Amino acid sequence: MIFEQLEHLLIERGFIKVPSNLPEFSFFFQGEHAYVNVLHVIDYRQGLYIAEDQYVHIKGKIQEFFREKGIKDVHILSLLVSTDAEKAKLLYGEDSFCWLIDPIENRLMIYEDQVPDFYGLKNILENFLFEISKQPAAEQVKTVSAEAVGGLDSGKRKLPWITILLVAVNIIVFIMCTFTGDLLYNIGDFSVKNLIDDGEWYRILSSMFLHADVQHLVSNMLVLFYIGNVVEKQLGHLPYIIVYLLSGFAGDLFSAAHELFSGYYFSSVGASGAVFGIEGALLMLALLHKGKVTDVTAGRIVFAIAFSLYCGFTSSYVNNMAHVGGVLMGFVAAGIFWLLIPQTKRGQAGRM
């Protein structure tokens, strides 16, 4: 409801909407030949999982879109519609050109480190949200209840303690690495040479809990926390941890195969293969639930996976084969476990 009204408002104000096949992302622009002002709107309420580097990548692509048309002066303001301010803050990081909209309270949130205005748009949006808040309560109940039901349902279910434990272990290991220097990396990172020459097979597991830097850790743990929460409740604790570990193993094996066939040997660390496996598992669960699971559509998940892989293939020092192996294993393993869960327990697996 709020997005249709916001689109109508912007078009009334002379903005032009750029067509998009992704309902979670839309952007509107206004300007002349020499400059353009862009409003980048993100539906970040439920089911969308992107990391800060992906957010930055999207804004970069918007700039490229206009600069390819000869417009060099591009001003972009992101507008995140989210009921979870903390989750939104983790997404935009240090980007000062980003505002938040709380769709339940119908209010614009601008923090001290963010731009106080954007070509007069602040007053326009505040007045717009104020008018929405004056609408009859019955018209707002649908939007509010859609947001609240997901949280209420999750609250009734058992705590996803495996996901919480995995995140905690990864953070603790990273803290240990800050005190031990290269010690843990030297004995725990992954390369096929360590397996073949030294027989150190334990590195398949140890490398999954090492991260190169803070950004690497935060990016993986954010995705794991939000997606793992859903997958663990659907599959149950034991199948979930097995899918996670199998995906990590598959990621390392794909990486090893790539090293052997390419002749290019390198060392790698990170939970990305396992995390991609959880994304693959979520996609399988969505397909098994007729294209949607806990308000997350298969289309959204495919986009998240495809975009993450694209970012990896267009970046340096990223072990993309681990990502591919992880997502394939997670997809297949989740399907197998779902078939093994008795029909009477499906949908209640989170309470196992």
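This report walks through the fold, cores, strands and salt bridges of one predicted model.

## Overall make-up

The protein has 14 helices and eight strands. Of its 352 residues, 49% are buried. The exposed surface comes to about 17600 Å². Carbon and sulfur atoms supply 62% of that surface. Among contacts with a separation of 6 or more, 65% link residues 24 or more positions apart.

## The nonpolar cores

In soluble globular proteins, nonpolar side chains tend to be buried together. Here the largest nonpolar core has 44 residues. Those with the most contacts inside this core are L166, L224, V231, L235, Y244 and I278. Seven helices each give two or more residues to this core: α6 (161–180), α7 (183–188), α10 (214–235), α11 (237–262), α12 (272–288), α13 (298–313) and α14 (320–340). Helix α12 gives the most, with 10 residues.

Which residues does Y244 contact, leaving aside its neighbours within four places in sequence? They are L166, N170, M208, L224, A271, A274 and I278. Three of these names, L166, L224 and I278, also belong to the group with the most contacts inside the core.

A second, separate core has 26 residues. V36, I42, Y44 and Y55 are among them.

## V275 in helix α12

V275 lies in helix α12. Is V275 buried or exposed? V275 counts as buried, because its relative accessibility is 4% and the cut-off for burial is under 20%. Beyond its neighbours within four places in sequence, V275 is in contact with N220, V223 and L224. L224 is also a contact of Y244. The C-alpha atom of V275 is separated from that of S247 by 7.8 Å. Along the chain, V275 and S247 are 28 residues apart.

## N319 between two helices

N319 sits in the loop between α13 and α14. This loop residue is buried, with a relative accessible area of 14%. What does the N319 side chain meet in polar contact at 2.9 Å? The partner is the side chain of S255. A polar contact of 3.3 Å joins the side chains of N319 and S268. Not counting residues up to four places away in sequence, N319 touches S255, F266 and S268.

## Strand β4 and its partners

Strand β4 covers residues 73–81. Seven of its nine residues are buried, so β4 is largely enclosed by the rest of the structure. Strand β3 (residues 35–43) pairs with β4 in the parallel sense, over nine bridges. Within that pairing, V38 stands opposite I76 in β4. Strand β5 (residues 98–102) also pairs with β4 in the parallel sense, over four bridges. The bridge partner of L80 is L100, in β5.

## Salt bridges

The structure holds seven salt bridges. Three of the pairs are tabulated here.

| Pair | Closest N to O distance |
|---|---|
| K59 and D95 | 2.8 Å |
| K61 and E64 | 3.6 Å |
| E86 and K89 | 3.7 Å |

Why does the pair of K59 and D95 tie together parts that are 36 residues apart in sequence? K59 lies in helix α2 (residues 52–67), while D95 lies in the loop between α3 (85–92) and β5, so the bridge spans that separation. Both K59 and D95 are buried.

K61 and E64 lie three residues apart in helix α2, so about one helical turn separates them. K61 is partly exposed, with a relative accessible area of 33%. E64 is also partly exposed, at 39% relative accessibility.

E86 and K89 both lie in helix α3. They too are three residues apart, about one turn of the helix. E86 counts as exposed because its relative accessibility is 51%, and exposed means over 50%. K89 is partly exposed, with a relative accessible area of 29%.

Which residues are linked in a network of salt bridges? D189, E200 and R203 are linked in this way.

Key. Residues are numbered from 1 along each chain as its sequence is written. This is a predicted model: local features need pLDDT of at least 70, side-chain atom pairs count only at pLDDT 80 or more; totals for chains, interfaces and linings use all residues. Side-chain values use heavy atoms; hydrogens and water are left out. A nonpolar core is a set of buried Ala, Val, Leu, Ile, Met, Phe, Trp, Tyr and Cys residues joined through side-chain atoms within 4.5 Å. Buried means under 20% relative accessible area, exposed over 50%, partly exposed in between (1.4 Å probe, protein chains only). Contact means heavy atoms within 4.5 Å. A polar contact is a pair of N or O atoms within 3.5 Å; within protein, one must be able to donate a hydrogen and the other to accept it, and residues adjacent in sequence count only if both atoms are side-chain atoms. Two strands pair if DSSP finds at least two bridges between them. Accessible areas come from the Shrake-Rupley method with a 1.4 Å probe; for residues, only the protein chains shown count as cover. A salt bridge is a side-chain nitrogen of Lys or Arg within 4 Å of a carboxyl oxygen of Asp or Glu.
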